[in-house]
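Grab a pencil and have a look at the model below. We'll work through a few exercises together, one step at a time.

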Amino acid sequence: MDELDHSLISLLRANARMNIADLAHKLGVSRGTVTNRLRKLEDTQVIVGYTVRLKPEAEPERIRAWMGVLVEGNQTRQVIASLLGEPGVSALHDTNGRWDLLAELEARSMSELSQVLERIRLISGIRSTETSIHLTTYR
């Protein structure tokens, strides 16, 4: 990836619905260049999808939580695969420090969150977890 690819991705992060003409204008390149770059980034799976980001207030009933995960031994890949298959995990991050992984969880109710936590705790290779419920976002 070169500087143009990075700039294109930056614009898409700010507004993934920006049309090709506007992207080309902002980048100072042709629409064909933008189209080709996007196709290449998608084909090589640098870009794996486009999504909608909602402000937390748009879904006040949605419960969000962070879970630190400590992996047993060298089972990180297996644990990651299992967590990525868990519907309650909205994002998964590799990290350093006390926890090996940081999972972002989402549920429609406390009962559903409890079920998500129970399923995660049963995953082979997880030594321990710690969950914090997300209360407020300031930025």
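**Exercise 1: two helices meeting**

Leu4, Ser7, Leu8, Leu11 and Leu12 of helix 1 touch Leu23, Lys26 and Leu27 of helix 2 (contact means heavy atoms within 4.5 Å; helices are DSSP runs of H or I with at least four residues, and strands are E runs of at least two, numbered from the N terminus). A quick note: this is a predicted model, where local features need pLDDT of at least 70 and side-chain atom pairs pLDDT 80 or more, while totals for chains, interfaces and linings use all residues. Residues are numbered from 1 along each chain as its sequence is written, and side-chain values use heavy atoms, leaving out hydrogens and water.

Task: work out how helix 1 and helix 2 are oriented to each other.

Step 1. Helix 1 (residues 3-14) and helix 2 (residues 20-27) pack at about 130°, with axes 11 Å apart (axes are lines fitted to C-alpha atoms, for helices over the stretch in contact, and angles between N-to-C directions run from 0 to 180 degrees).

Step 2. So helix 1 is oblique to helix 2 (under 35 degrees is roughly parallel, over 145 roughly antiparallel, 65 to 115 roughly perpendicular, the rest oblique).

**Exercise 2: the sheet**

Task: find which strands stand at the edges.

Step 1. The four strands of this open sheet come in the order 2-3-1-4, paired antiparallel (pairing takes at least two DSSP bridges).

Step 2. Strand 2 (89-94) and strand 4 (126-133) are the edges: each has a single partner strand, so one side of each has no neighbour in the sheet.

Step 3. Now zoom in: seven bridges join strand 1 (residues 63-71) to strand 3 (residues 101-107), and Val69 has Leu101 in strand 3 as its bridge partner.
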